[in-house]
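This report describes how one sheet is put together and how helices are placed against it. The sequence and the model are shown first.

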Amino acid sequence: MEDTESTGGSAPPATRPRVRISSPADALAVVPHLLGFHPANSLVVIGAGRPRDRIELAFRYDLPDPPDSDKAADIAAHALAVLSRRKLTTVIGIGYGTGQLVTPVADVLASGLRQAGLRPRELMRVENDRYWSYICHNPACCPAEGVPFDVGAHPAAAAMIVAGMAALPDRGALARTLAPVSGPAADSMDRATQRARKRAGDLIAQTDGPLPGDRTRLLVEVGRHAVIEAIQTYRDGRRFSEDDPVAWLSVVLAQLPVRDDAWARMDPEHQEAHLRLWSDVVRRASARYVPAAASLLAFTAWQAGDGALANIAIDRALASDPAYSMALLLRDIMDAGVPPSAARMPMTPEQVAASYARTADDPAPGRPLPAGSGRGAGSGRGGGSGRRTRKRPSR
């Protein structure tokens, strides 16, 4: 399940809309645009904080189906932990689905909020274009048959769309934007990947030395140049139409010094270009070479406040390699509700290269690095099984 971090989606700061939420209908109108899609069978939690109760966080959980008291408690506990960690003072909870599925989770969340000293501004259920409040009991404004609403016709929804924050029909539609190519396109990429692998092998064969990292030295050097070229191509508004540059980039990114060099170049001023770049590579790369590009896409999407895309990219990375350390690190970060403002590059490309050069005598070169090691661009914790044992939100 997936934690959706949102401070206005992926729209540039200058174009992010300012929408005042003063009614349940207002909140319902903006939720799909904060998430990037229209939720279903979900609990959505919106957190706002001082000053001016600005929305800082929106995240979503799958509703347990059939209802499960333990899972409901897990969801509420996780939501409260995220809200508390961010010191958010205003909460809106919205359950999408039948009363049988929504009410058990809403009740546990409401109890937890009371115990934490938080009073939700609204807690409601949505089904078939009607909403019911768990807080308001006045039949004049909250009748038993529910209150009808039209998300598409609401001015707030129009403002979000104008700002570039469209909402897809569902999470599946968003996931399909990163679906791998198929048919002849996939066959062509497979052939390009074989050519890239041969080129990488030739570079390795040309180099030798007494240290374990010496054999990949030339490959890493050429790979860093490929990263710089790719980033500049997309920042210039162009993109790779041929398969060979994409295949080559995906293969060289399998070298951690190359991947970390790319990570250190993810300047948030160029988010849109980076999102296009890594999305293209994720869609077109052969499966075994997806994790690095998908993790870089996840980091860039997190920078942009697009938690939905970040988590789908993490899913793609872990589907190819369940123990991929960068993806696991980013998943933990997303689960914890860490804000996009924390998505900074801890090192420059030059510092990354120097760090790897200092540790070239590592007996296990290319091994995933522990968090906080200071080597590479925050390469993350060591490898693991990739198994998740705790409840986390979903998108």
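Two strands are taken to pair if DSSP finds at least two bridges between them. In this predicted model, strand E1 (residues 42-49) and E2 pair in the antiparallel sense over eight bridges. Gly49 stands opposite Arg54 in E2, and the bridge partner of Val45 in E2 is Phe59. The two strands form a hairpin with four residues between them, and Arg52 in the turn has a positive phi of about 65°.

The hairpin belongs to an open sheet of six strands, in the order E2-E1-E3-E4-E5-E6 and with mixed pairing. Strand E2 (54-62) and strand E6 (147-148) stand at the edges with a single partner strand each, so one side of each is left without a neighbour in the sheet.

Two helices lie against the sheet, as the table sets out.

| Helix | Strands touched or crossed | Angle |
|---|---|---|
| H1 (residues 24-35) | E1, E2, E3 (90-96), E4 (122-127), E5 (130-133) | about 80° to E3 |
| H2 (residues 69-85) | E1, E2, E3 | about 160° with E2 |

At 1.5 Å a residue, the 17 residues of H2 should span 24 Å, which agrees with the 24 Å between its end C-alpha atoms. Asp68 caps the N-terminal end of H2, with a side-chain oxygen 2.9 Å from the backbone nitrogen of Asp70, while Lys87, just after H2, takes a positive phi of about 55°. The buried residues of H2 include Ala72, Ile75, Ala79 and Leu83, and the buried residues of this helix pack against E1, E2 and E3 as well as helix H3 (99-115) and helix H13 (325-335).

Key:
Residues numbered from 1 in each chain as written. Predicted model: local features only at pLDDT ≥ 70, side-chain atom pairs only at ≥ 80, totals over all residues. Heavy atoms only, no water. Contact = heavy atoms within 4.5 Å. Axes fitted to C-alpha atoms, helices over the stretch in contact; angles between N-to-C directions. Expected span 1.5 Å × (residues − 1). Buried < 20%, exposed > 50% of the residue type's maximum accessible area, 1.4 Å probe, protein only. Polar contact = N/O pair within 3.5 Å; in protein donor to acceptor, adjacent residues only side chain to side chain.
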